[in-house]
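Biologist: I'd like a close look at one part of this protein, and I'm new to reading structures. Could you walk me through it slowly?

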Amino acid sequence: MAEQQTIEELQIEAEELQLAAFDPMVAWEIGCHIQRRAVAENMPIAFEVAKTGHQLFFFAMPGAMPDNAHWIRRKRNVVERFYRSSLTMKLLADREGRPFWSAISFRRTIMSRAAAACP
């Protein structure tokens, strides 16, 4: 497993990964690219590509669990609330020495911490 990124590294990465344009067609291209990679590497994942409040692409590979859609929704809620990746929010809570849930004051059924949701 790769070494965990720092908050500063995640902020730099977020700045470098800004898209010049984003619309449903760009979302489709991104989603298709991820889907092809998942198929090629036989990864049992589920993922979405979304714009605030609007799911534009969703795919679940064979082997993905039905609960993955709920997990994705909770991660999206973190991003839409704070405009930062869920991993950045988790690391900020860790830096402050507070549990993630108390740091953001939300229930676990609404939001999820860490991993791969980003603005």
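What follows is a tour of the hairpin and the aromatic rings on it, with a short stop at a helix and a pocket.

Modeller: Sure! Keep in mind that this is a predicted model. Let's start with the two strands. Strand 1 covers residues 46-51 and strand 2 covers residues 54-60. They run antiparallel, and six bridges join them. Together they make a hairpin, with two residues sitting between the strands. Have a look at Gly 53 in that turn: its phi is positive, at about 80 degrees. To get a feel for how the strands line up, find Val 49 and look across to strand 2, where Phe 57 stands opposite.

Now for the rings. The structure holds three aromatic pairs. One of them is Phe 47 with Phe 57, and this pair is stacked, with 5.7 Å from centre to centre and 15 degrees between the planes. Phe 47 belongs to strand 1 and Phe 57 to strand 2, ten residues apart, so the pair links distant parts of the chain. Are these two rings buried or exposed? Both Phe 47 and Phe 57 are buried. For Phe 47 the relative accessible area is 9%, and the cut-off for buried is under 20%, so Phe 47 falls well inside that class.

Phe 47 has another partner, Phe 59. Here the ring centres are 6.3 Å apart and the planes sit at 50 degrees, so this pair is called tilted. It also links distant parts of the chain, with Phe 47 in strand 1 and Phe 59 in strand 2, twelve residues apart. Phe 59 has 24% relative accessibility, so it counts as partly exposed. Put the ring pairs together and you get a cluster of Trp 28, Phe 47, Phe 57 and Phe 59.

Next, hop over to helix 2, which spans residues 24-40 and contains Cys 32. Cys 32 counts as buried because its relative accessibility is 15%. Its C-alpha atom is 9.9 Å from that of Phe 58, although the two residues are 26 apart along the chain.

Last stop: the second largest pocket, with a volume of about 200 Å³. Which residues line the second largest pocket? They are Ile 30, His 33, Ile 34, Arg 37, Ala 38, Met 43 and Ile 45. Sorted by type, that lining has five nonpolar residues, one polar and one charged.

Technical notes. Residues numbered from 1 in each chain as written. Predicted model: local features only at pLDDT ≥ 70, side-chain atom pairs only at ≥ 80, totals over all residues. Heavy atoms only, no water. Pairing = 2+ DSSP bridges. Helix = DSSP H or I, 4+ residues; strand = E, 2+ residues; numbered from the N terminus. 1 Å grid on protein atoms, 1.4 Å probe; cavity = no way out; pocket = protein on both sides within 12 Å on 5 of 7 lines; lining within 4 Å. Points joined across faces, edges and corners; volume = space filled by probe spheres on them. Nonpolar A, V, L, I, M, F, W, Y, C, P; charged D, E, K, R; others polar. Buried < 20%, exposed > 50% of the residue type's maximum accessible area, 1.4 Å probe, protein only. Phe/Tyr/Trp six-rings, centres within 6.5 Å; stacked < 30°, edge-to-face > 60°.
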